[in-house]
Amino acid sequence: MTEGRGALEFVVLGSGTFTPGRPPEGPGRGGVRNPAGYALRCQDEILLFDLGFGNFRQMVRAGLDPDRVSSVFLSHRHPDHTGDLAALLFYYRYDGKPQGKRLRVCGPRGTAGFVERLFRAHHPWLRPRGFDLKLETLEEGSVVRGSGWRVLCREVPHTTESLAYRFEAKEGSLCYTGDTSWDPGLARFAAGADLLVSECALADGERGEGHLRVSEALELGRLSGARQVLLTHLSPASERGLAAALRGKRRFRRAEDLMRIRVSRY
Ligand SMILES: [Zn+2]
Ligand SMILES: [Zn+2]
């Protein structure tokens, strides 16, 4: 499915966490999910929000051309969100090139050092060749501007450096929570978005911190007033019972790998 020119298209590369899930025939539910990664097609370019293990190939499976990628926004450095950055940089050194032969990699404090350490660990195979790489450190209130779009940043409680992103263009708006605990201000940051992509890695009643539980993700969606809410970063525990929790809630959907969503103001 390809949307017409001018539309924003959001593609789920991975709807899971670091846990791969269970084989479909196994005792668990839901099968295998790739870890966190999302692509947003905007006019001729592709923006990536996180790029966990396997997501580079997921992008190609989705029919997205890696040579259209202009920017990568990392929410934080956990491997389930960054595992395929090396795969992308390796590909750009020896085969394709990013859009306009420029790649912007943005993320919270520590991102530049992380990429530099990746370069050293794989030296020299990830060093950019034939394109420019720009590393941008973002924080609360940062604004990244592109061609016809901007991305706003909000610090969220997960690791000490974690960001949520809000993408805005005349065609539509999107908010991605990254990984986060409950954060009362996040609903304001996501207010009125055409699509809210909310993590939902914990089941209600499950022990653990640093993530949203199902009921919290639903509450975030409700408070934000977002037109569509996609629940993602699903673990085997959080997706159990999710279908029942979503019954009758028309604005809410459960993410699946390679799902595509048109993002528009109307
Ligand atoms: Zn994380
Ligand atoms: Zn995560």
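Two strands are said to pair if DSSP finds at least two bridges between them. With that in mind, a good place to enter this predicted model is the pairing of β11 with β12, two strands that run parallel and are joined by four bridges. Within this pairing, Ser198 stands opposite Leu231 of β12. The connection between the strands also has a defined hand: β11, helix α6 (residues 214–224) and β12 together form a right-handed β-α-β unit.

Strand β12 has a further partner. Three bridges link β12 to strand β13 (residues 252–254), and these strands run parallel. Here Leu231 appears again, this time opposite Arg254 in β13. Leu231 therefore faces Ser198 in β11 and Arg254 in β13, as pairing rests on bridges found by DSSP. Which way do the side chains of β12 (residues 229–232) point? Val229 and Leu231 point one way and Leu230 and Thr232 the other way, and all are buried.

Attention can now turn to the nonpolar interior. The largest nonpolar core contains 29 residues, and those with the most contacts inside it are Phe10, Phe49, Phe73, Trp149 and Phe167. Elements that give two or more residues to this core include β1 (8–14), β2 (37–42), β3 (45–51) and β8 (149–155), along with β11 (195–199), already met above. Also among them are β9 (163–169), β10 (172–176) and β14 (260–263). The most is given by β9, with four residues. A second, separate core has 27 residues, including Leu51, Ala62, Tyr92 and Leu103.

Phe10 offers a closer view of one of these residues. Leaving out residues up to four places away in sequence, Phe10 touches Tyr38, Ala39, Leu40, Leu174, Leu195, Val197, Leu230, Met259, Arg260, Ile261 and Val263. Among these partners is Leu230, one of the buried residues of β12.

What does a search for disulfides find? Across the whole structure, zero are found. Two cysteines illustrate the point, given that a disulfide calls for sulfur atoms within 2.5 Å. The sulfur of Cys42 lies 15 Å from the closest cysteine sulfur, that of Cys106, so the separation is too far for a bond. For Cys175, the closest cysteine sulfur belongs to Cys153 at 11 Å, which is likewise too far for a bond. Both residues are hidden from the surface: Cys42 is buried, with a relative accessible area of 2%, and Cys175 is buried too, at 0%.

Two loop residues round out the picture. Ser162 lies in the loop between β8 and β9. Is Ser162 buried or exposed? Its relative accessibility is 2%, so Ser162 counts as buried, the cut-off being under 20%. The side chain of Ser162 makes a polar contact of 2.5 Å with the side chain of Thr159. Beyond residues up to four places away in sequence, Ser162 touches Ser75, His76, Pro108, Arg154, Glu155, Val156 and Asp179.

Ala191 sits in the loop between α5 (186–189) and β11. With a relative accessible area of 38%, Ala191 is partly exposed, because this class covers values between 20% and 50%. Apart from neighbours within four places in sequence, Ala191 is in contact with Arg166 and Ser224. Arg117, which is 74 residues from Ala191 along the chain, has its C-alpha atom 37 Å from that of Ala191.

Terms used
Residues are numbered from 1 along each chain as its sequence is written. Chains are lettered from A and ligands numbered from 1 in the order in which they are written. This is a predicted model: local features need pLDDT of at least 70, side-chain atom pairs count only at pLDDT 80 or more; totals for chains, interfaces and linings use all residues. Side-chain values use heavy atoms; hydrogens and water are left out. A nonpolar core is a set of buried Ala, Val, Leu, Ile, Met, Phe, Trp, Tyr and Cys residues joined through side-chain atoms within 4.5 Å. Buried means under 20% relative accessible area, exposed over 50%, partly exposed in between (1.4 Å probe, protein chains only). Contact means heavy atoms within 4.5 Å. A crossover is right-handed if, with the strands pointing away from the viewer, the path from the first strand over the helix to the second runs clockwise. A polar contact is a pair of N or O atoms within 3.5 Å; within protein, one must be able to donate a hydrogen and the other to accept it, and residues adjacent in sequence count only if both atoms are side-chain atoms.
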